[in-house]
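Subject: Structure handover

Hello,

Here is the structure for your work. My notes come after it.

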Amino acid sequence: MINPNVGLNDPKINYSQFSDDELEEYLELQEALSHTDRMEVCRKDFIEFCKYMDSITMVGPHHKIMGEKFNLLNEAGNQRIIINIAPRHGKSYFTSQYLPAWFLGNNPKAYLMSISNTTELAVGFGRKVRDIVSSKAYRDVFPEIKIRTD
């Protein structure tokens, strides 16, 4: 039995006229639409993408500023960003792991370089980006992006 108080809050619709099967179908369609809308937001907004990909992502005021700059970079292209914040404040997490995956999802023909002060760090970040792009959650957001198998 469908609870008529859950997810059925459009005052223009008389829900009592529908059978339980019809209500269930309606709720499934609403959920699918909501998911589609969220995927669109994740494609356009870097911070929302990070929160979707990693549900425990903590977003501070400095992360919001970084996210706004990354959104502008994605929209306008060919810009430079320098990020100077203290160690352990999420620079690598956002810029070396999630930014390349999100940017490539939005710009599949782009070329990116991962540069670090050690090869080990750059390779590690590259692997994390690969793992993000290979995930089911990433395919939800960017279904047309696939990793080459060569």
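The notes below cover two pockets and one pair of helices.

This is a predicted model, in which local features need pLDDT of at least 70 and side-chain atom pairs count only at pLDDT 80 or more, while totals for chains, interfaces and linings use all residues. Residues are numbered from 1 along each chain as its sequence is written, and side-chain values use heavy atoms, without hydrogens and water.

The largest pocket (an open set of points on a 1 Å grid over the protein atoms alone, where a 1.4 Å probe fits, with protein on both sides within 12 Å along at least five of seven lines) has a volume of about 880 Å³. Lining residues have an atom within 4 Å of a point; there are 26 here, and Thr 95, Leu 99, Pro 100, Leu 112 and Met 113 are the closest to the centre. Helix 4 (91-106) gives the most to this lining, with eight residues. Helices are DSSP runs (H or I, at least four residues), numbered from the N terminus.

The second largest pocket has a volume of about 410 Å³. Helix 5 gives the most to its lining, with four residues. Among the lining residues are Leu 104, Arg 130, Tyr 138 and Lys 146.

The axes of helix 3 and helix 4 (lines fitted to C-alpha atoms over the stretch in contact, with angles from 0 to 180 degrees between N-to-C directions) come within 11 Å and cross at roughly 30°. Helix 3 is therefore roughly parallel to helix 4 (angles under 35 degrees). Their contact (heavy atoms within 4.5 Å) includes Phe 70 of helix 3 and Trp 102 of helix 4.

Regards

How values were computed
Grid points are joined across faces, edges and corners, and a volume is the space filled by probe spheres set on the points. Helices (H or I, at least four residues) and strands (E, at least two) are DSSP runs, numbered from the N terminus. Angles under 35 degrees count as roughly parallel, over 145 as roughly antiparallel, 65 to 115 as roughly perpendicular and the rest as oblique.
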